[in-house]
Amino acid sequence: MSQIEGTQPGRSTSERSFLFGERVALRGVLRMDMNLYRGWLDDSEITHFLEMGFRPTSDHDLETVFKLSTETHENIVFTITDKQSGQAVGLVGLYAINWVCRRGDYRIIIGERESLGRGLGTEVAKLVVAYGFETLNLEVMTLGVNSENHRAIQSYENAGFVREGVRRKMIYRNSRYYDILQMSVLRDEYYANKSGSPA
Ligand SMILES: CC(C)(COP(=O)(O)OP(=O)(O)OC[C@H]1O[C@@H](n2cnc3c(N)ncnc32)[C@H](O)[C@@H]1OP(=O)(O)O)[C@@H](O)C(=O)NCCC(=O)NCCS
């Protein structure tokens, strides 16, 4: 068995998760998730708006992703599981965390087509934003998104991110360039929206 393949997940992995929403659970990344991740990255529908997906994902890429997801203090990464099915459907994380400036970069991929557009991404974003402020004591979370990825932008706005600026022609995909919309959510904004809680 290759290192990447690992063992099959039990249905109970969501029960052993770290963060819980109504319909999703977030747990640490396991090697066995990497083969799923390969399929997600190699699906051009999933990566339609992303800068990834221009070449097939290699074992080396997966090993790098696994290490970056599990072995550094700068990244905190979760596998998203659908509580109903128990299956892994994506990855989400706070990356490049700067523990002095107290900021982190939010990134998410839901890779199972049938899991898209069902509200899971919004639920995950809300969970991770709350975790970032309340558990990690961050001051700001940032993200960059293809400015034409309207579903993603709406899900981020649902979780409290606001638009802060545009970086022009940053992504080349589908035979053309796209701008990147920069978004962020501040600690004060999070607590202001969370009624009755102290800042
Ligand atoms: C981006 C992503 C995480 C969003 O998660 P999701 O579960 O699909 O999104 P949700 O269902 O939670 O929310 C989508 C929102 O966008 C809205 N929406 C959907 N299509 C839309 C469109 N074409 N234009 C505007 N809004 C749209 C929905 O109505 C919903 O908003 P609402 O809840 O206020 O009604 C997910 O689609 C994904 O991972 N896609 C593939 C990879 C990707 O693009 N990652 C983002 C990298 S920055």
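**Note on strand pairing and the ligand shell**

1. Arginine 27 sits across from threonine 79, a residue of β3. The model is a predicted one, so read this pair, and what follows, as computed.

2. That facing pair belongs to a longer contact. Strand β3 covers residues 76–82. It pairs with β2 in the antiparallel sense, over five bridges.

3. β2 has a second partner, β1. Strand β1 is residues 19–20. Two bridges join β1 to β2, and the two strands run antiparallel. Here phenylalanine 20 faces alanine 25 of β2. Three residues lie between β1 and β2, and the two strands form a hairpin.

4. How covered is β2 (residues 24–28)? Mostly: of its five residues, four are buried. As a reminder, side chains in a regular strand alternate between the two faces of the sheet.

5. Now the ligand. Its surroundings comprise 22 residues. The closest are Gly121, Thr122, His150, Ala152 and Gln154.

6. Which elements supply at least two residues each to this shell? They are β5 (103–110), α3 (120–135) and α4 (150–158). α4 gives the most, with six residues.

7. What is the shell made of, by class? Ten residues are nonpolar and ten are polar. Two are charged.

Conventions: Residues are numbered from 1 along each chain as its sequence is written. This is a predicted model: local features need pLDDT of at least 70, side-chain atom pairs count only at pLDDT 80 or more; totals for chains, interfaces and linings use all residues. A residue is near a molecule or strand if its C-beta atom, placed from the backbone, lies within 6 Å of it. Ala, Val, Leu, Ile, Met, Phe, Trp, Tyr, Cys and Pro count as nonpolar, Asp, Glu, Lys and Arg as charged, and the others, Gly among them, as polar. A residue is buried if 20 or more other C-beta atoms lie within 10 Å of its own, exposed if 12 or fewer, and partly exposed in between; C-beta atoms are placed from the backbone. Two strands pair if DSSP finds at least two bridges between them.
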